Amino acid sequence: MALASGVRFAPRALLRPWALLRGTTLGRTEPAAGGGGDGARRFGSQRVLVEPDAASGVAVMKLRNPSNALSLELLTELVISLEKLENDKTFRGIILTSDCPRVFCAGLDLTEICGRNPAHCAEYWKAMQELWLRMYLSSLVLVAAINGACPAGGCIIALSCDCRVLADNPKYRIGLNETLLGIIAPFWLKDTYVNTIGHRASEQALQLGSLFPPAEALQVGLVDQVVPEDQVQSTALSEMARWLAVPDHARQLTKNMMRKATADRLLRQRDADTQNFVSFVCRDSIQKSLQAYLEKLRQRKG
Ligand SMILES: CCCCC/C=C\C/C=C\CCC/C=C/C(=O)SCCNC(=O)CCNC(=O)[C@H](O)C(C)(C)COP(=O)(O)OP(=O)(O)OC[C@H]1O[C@@H](n2cnc3c(N)ncnc32)[C@H](O)[C@@H]1OP(=O)(O)O
């Protein structure tokens, strides 16, 4: 971590050379609609589209998986896209949003942990930890432009950003609803919640599995702005400008000072956290309820 320079403090050694890039098209670049020079070249993969604007130093990263459930592939592609932007000194900020109607991110892809063997569940959870660590400690400014539902793991992604703008639609609820699914948020999600909305509000919201509609999310401090849906992107850009007005080194070191202890706690206990996750989700009772929940989701669709 090159803390002294204040430029890159995301722990680079975190990224593992996962051999799971099956089916991905990472690194492919294509001209953005309307053409343009280097500043308008977008890149991405099947599940993540990156639209970089070199002139402003801001890239828009769009999730485009079905329901943006965090599959292993999506997690991997997000980490790689993030790293690519962090390594390019042109970029100072990322706006993270969804290309999927009505859903920002549906949280963990439950098919990755339902009916899978322990080794797969472990690989999956390590990828989830990796993305959170990468985002939470990113040297770039991350603004979440939340244009859809944002439950559980979706909320984690939003919480790892520096700022959250939520579309004012009562269906777009946000929060950590794990308890209602019979699962328990691990300590680092709890810590992130507490860091954002405080201890008492987290205690209540975590136990009750609250999913907050926009006005309540704003009131509790889970999001920073609630705006009409057609103003989410422009508001995210204005927020970005506000954050980028601060000298990078001062903002980055301050971010690190605020977040490092929380990230270090997971880094120290990463293997134990993975084992806890695996033994928890592989229990017969948990597998049965995951199965039933997935079935309900599929039926609800019809
Ligand atoms: C003491 C020991 C402690 C140990 C602790 C250790 C570990 C603890 C364990 C876990 C902690 C993990 C923390 C995070 C948890 C999660 O993220 S769990 C996932 C929570 N997410 C949800 O509950 C969201 C479920 N989905 C929805 O509510 C809706 O789908 C929606 C996101 C609001 C979107 O609605 P709509 O646009 O109407 O889309 P559909 O409902 O029709 O869905 C479309 C298809 O997508 C599938 N799908 C949706 N969500 C998921 C998902 N999360 N995973 C997998 N698949 C999902 C849905 O089934 C549809 O599929 P088909 O098209 O029918 O195939």
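**Exercise 1.** State whether the crossing of α4 and α5 is left-handed or right-handed, and describe how the two helices pack.

*Solution.* The crossing of α4 and α5 is right-handed (the near helix is turned clockwise from the far one by less than a right angle; anticlockwise would be left-handed). The model is a predicted one, in which local features need pLDDT of at least 70 and side-chain atom pairs count only at pLDDT 80 or more, while totals for chains, interfaces and linings use all residues. Residues are numbered from 1 along each chain as its sequence is written, and side-chain values use heavy atoms, leaving out hydrogens and water.

Next, locate the helices: α4 covers residues 187-197 and α5 covers residues 199-208 (helices are DSSP runs of H or I with at least four residues, strands are E runs of at least two, and both are numbered from the N terminus). Their axes lie 7 Å apart at an angle of about 130° (lines fitted to C-alpha atoms, for helices over the stretch in contact, with angles from 0 to 180 degrees between N-to-C directions). The two helices are therefore oblique to each other (under 35 degrees is roughly parallel, over 145 roughly antiparallel, 65 to 115 roughly perpendicular, and the rest oblique).

Finally, list the residues that meet: K190, Y193, V194 and I197 of α4 with H199, A201, S202, A205 and L206 of α5 (contact means heavy atoms within 4.5 Å). This contact has six nonpolar, two polar and one charged residues (Ala, Val, Leu, Ile, Met, Phe, Trp, Tyr, Cys and Pro are nonpolar, Asp, Glu, Lys and Arg charged, and the others, Gly among them, polar).

**Exercise 2.** Describe the packing of α1 against α2.

*Solution.* Helix α1 spans residues 72-87 and α2 spans residues 118-136; their axes come within 9 Å and cross at roughly 30°. That angle makes α1 roughly parallel to α2. The handedness of this crossing is left-handed. From α1, L72, L75, L78, V79, L82, E83 and E86 take part, and from α2, H120, E123, Y124, A127, M128, E130, L131, R134 and M135. Sorted by class, the contact comprises ten nonpolar, one polar and five charged residues.

**Exercise 3.** Repeat the analysis for α2 and α8.

*Solution.* Helix α8 runs over residues 248-268, and its axis comes within 10 Å of that of α2, crossing at roughly 165°. Consequently α2 is roughly antiparallel to α8. This crossing is left-handed. Here α2 contributes Q129, W132, L133, M135 and Y136, while α8 contributes K255, R259, T262, A263, L266 and L267. Seven of these residues are nonpolar, two polar and two charged.

**Exercise 4.** Identify which parts the R47 and E77 salt bridge ties together.

*Solution.* The structure holds 14 salt bridges (a side-chain nitrogen of Lys or Arg within 4 Å of a carboxyl oxygen of Asp or Glu). One of them joins the side chains of R47 and E77, at 2.7 Å from N to O. Because R47 lies in the loop between β2 (41-44) and β3 (48-53) and E77 in helix α1, the pair links parts that are 30 residues apart in sequence.

**Exercise 5.** Assess the confidence of the protein chain from its pLDDT.

*Solution.* The average pLDDT is 89, and 86% of the residues score at least 70 (pLDDT is the predictor's confidence in each residue, from 0 to 100). Residues 1-28 fall below 50, yet this stretch has 77 contacts in the model beyond near neighbours in sequence. Residues 32-38 are also below 50, with five such contacts. The model scores ipTM 0.94 and pTM 0.89.
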